[in-house]
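Biologist: Could you give me a close look at one part of this model, the packing of its aromatic side chains? Please start from one ring and work outwards, so that I can follow along on screen.

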Amino acid sequence: MLPPSPPRLPRLAWITVALLWVVGLLNYLDRLIITTMHDPIVASVPMTEAQFGLLTSIFLWVYGIFSPACGFLGDRISRKWVLLASLVIWSSVTLLTGHAQNFSQLLWARALMGISEACYLPTALALIADYHRGPTRSFAMALHGTGIYLGAALGGIGGYLAQSIGWRGGFFLLGALGVAYALVLVLFLKDAPAAAEEGGGRPPEPVRAGLIACELSRSTSFWLLLGINALVGVVDWTIYGWLPVYLHERFALAPGPAGLTATGVLQVTSFVGILVGGLWSDRWSRTNTRARMLVPGSGYIFAVPGLLLLAWHPALLPALGGLVLYGLARGLFDANRMPIIRQLVNERYSATAYGVLNLISCLAGGGMTYLGGSLRDAGISLSIAFLICAGAILLTSVLCFTLKPQAR
């Protein structure tokens, strides 16, 4: 059940979460499905393992580089139309990916997807936060996050789609679904009433890039949050990019079951974690202003031994048990990322701030994903990559406990 709503919370606040839940699902499904189509894609389009890793890395790097500008766009103009354009463009690029005939074309398609998807999360989370300003904020973020997790989990069907309709057919299908759903957003998605009254979703005074840069650069807590997101990006994208391959090789799972197991276990446990994190943070924040920082910090403490199990244990079930611990902790953080931003910087700049965090997270994650491919080319086990992730998460937990809300 939903927690008690604050006074006069409009019904549109929950409708907005529901509409964007589907978009979040498509967002992650479209970007991640390629990782579970490894074998058929490499068989059709010859490339090295490092090049296959680069397909994820180039998406992350471009996505990250454009995220601050795309977040600024979401702060500057109507959030609804930014979200709609993002969905239409990335879905069209997904369709084009199915037509790629060589590695260069795949690489360009992934780069274009990175640009188009960069507008979504900063703007979507800022719009949800516009509606949810009280004790429903983290839970609203959590509900939206379950759509993202389900989309990431469904990325595991890539191997099965490739077997049934071919990897190209899989991209055709997903692209068409996204373009069709854009019509639903045209009809039902609205900017938050307070912003819409000022005209087209704009704030009372224009948002200026120079003012945002000045405020963010002066915030020590925001610099700490940048470090946290860099470390989280390293871990998240290492797991997204290489866990299916790792399970296939280390535990002799077939490509289809390996992909579905990797994404399914991670996303189901993250699904639980994000709901718990949203409810826990909302309730605790009534008595402790640091609750939204302390909840993810506590969770990441338990994620460290989980990643060590994943890297070291020779049996599948204990390794998956370690993945469960990480998934739960990851959910606690994702429920609170945007609420933390809103406690550290001016709320009018939250989409831009989230975009900056995406930049550092994706650059770090893309580098680690490429390193994973390089390790494989050198004959080194991916276990080393997961050991690095365990150290990164330990440092993340420490930094979370140092964050403090800024005085307004």
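**From one ring outwards**

Modeller: Happily. Trp167 is buried, because its relative accessible area is 6% and the cut-off for buried is under 20%. Please keep in mind that this is a predicted model. Phe171 is buried as well, with a relative accessible area of 1%. Both residues sit in helix α8, which spans residues 158-188, and being four residues apart there, they are separated by about one helical turn.

How many aromatic pairs does the model have in total? The count comes to eight. Trp167 and Phe171 make one of these pairs: the ring centres are 6.0 Å apart and the planes stand at 90 degrees, so the pair is edge-to-face. The reasoning there is short, since planes over 60 degrees apart count as edge-to-face.

Buried on both sides, then: Trp167 at 6% and Phe171 at 1%. Tyr246 and Phe251 form another edge-to-face pair, with 6.3 Å from centre to centre and 90 degrees between the planes. Here too both partners, Tyr246 and Phe251, are buried. If you would like a group of three to look at, Phe59, Tyr63 and Trp237 form one aromatic cluster.

From the rings it is a natural step to the nonpolar core. Which residues touch the most other members of the largest nonpolar core? They are Leu20, Ile239, Leu243, Leu307 and Tyr326, out of the 120 residues that make up this core. Helix α11, residues 220-250, gives the most to the core, with 15 residues. Tyr326 is a good one to zoom in on: beyond its neighbours within four places in sequence, Tyr326 is in contact with Val235, Asp236, Ile239, Leu266, Tyr300, Ala303, Leu307 and Ile393. Among these contacts, Ile239 and Leu307 also appear in the list of core residues that touch the most other members.

Now turn to a residue of another kind. Thr123 belongs to helix α6, residues 120-131. Thr123 is buried, because its relative accessible area is 0%. Setting aside neighbours within four places in sequence, its contacts are Cys70, Gly74, Arg79, Val82, Leu83 and Ala351.

One of those contacts of Thr123, Arg79, leads straight to the charged residues. Side chains of opposite charge can pair when their charged atoms come close. Arg79 is part of a network of salt bridges that also links Asp75, Asp130, Arg133, Arg137, Arg342 and Glu347. Within that network, Asp130 and Arg133 meet side chain to side chain at 3.9 Å, N to O, and Asp130 counts as buried at 12% relative accessibility. The closest N and O atoms of Glu347 and Arg342 are 3.2 Å apart in their salt bridge. Is each partner buried or partly exposed? Arg342 counts as buried because its relative accessibility is 3%, whereas Glu347, at 27%, counts as partly exposed. Over the whole structure, the search finds eleven salt bridges.

Another salt bridge joins Arg292 and Asp282, with the closest N and O atoms 2.9 Å apart. Arg292 lies in helix α13 and Asp282 in helix α12, so this pair ties together parts that are ten residues apart in sequence. Both Arg292 and Asp282 are buried. In the loop between α12 (255-284) and α13 (291-312) you will find Ser285. Ser285 is partly exposed, with a relative accessible area of 22%. Not counting residues up to four places away in sequence, Ser285 touches Ala291 and Arg292. Ser285 and Gly134 are 151 residues apart in sequence, yet 9.9 Å apart in space, C-alpha to C-alpha.

Let me finish at the surface, where an aromatic ring turns up again. Ile65, Phe66, Leu112, Ile115 and Leu363 form a nonpolar patch on the surface, with about 400 Å² of accessible area together. Helices α3 (49-76) and α5 (103-117) are the elements that give two or more residues to this patch. Phe66 has its place in helix α3 and is partly exposed, at a relative accessible area of 35%. Set Phe66 beside Phe171 on your screen: Phe66 is partly exposed, whereas Phe171 is buried.

Conventions. Residues numbered from 1 in each chain as written. Predicted model: local features only at pLDDT ≥ 70, side-chain atom pairs only at ≥ 80, totals over all residues. Heavy atoms only, no water. Patch = residues over 30% accessible without salt bridge, like charges linked within 9 Å, V, L, I, M, F, W, Y side chains within 5 Å. Areas by Shrake-Rupley, 256 points an atom, 1.4 Å probe, with all protein chains shown as cover. Salt bridge = Lys/Arg side-chain N within 4 Å of Asp/Glu carboxyl O. Buried < 20%, exposed > 50% of the residue type's maximum accessible area, 1.4 Å probe, protein only. Core = buried A, V, L, I, M, F, W, Y, C linked by side-chain atoms within 4.5 Å. Contact = heavy atoms within 4.5 Å. Phe/Tyr/Trp six-rings, centres within 6.5 Å; stacked < 30°, edge-to-face > 60°.
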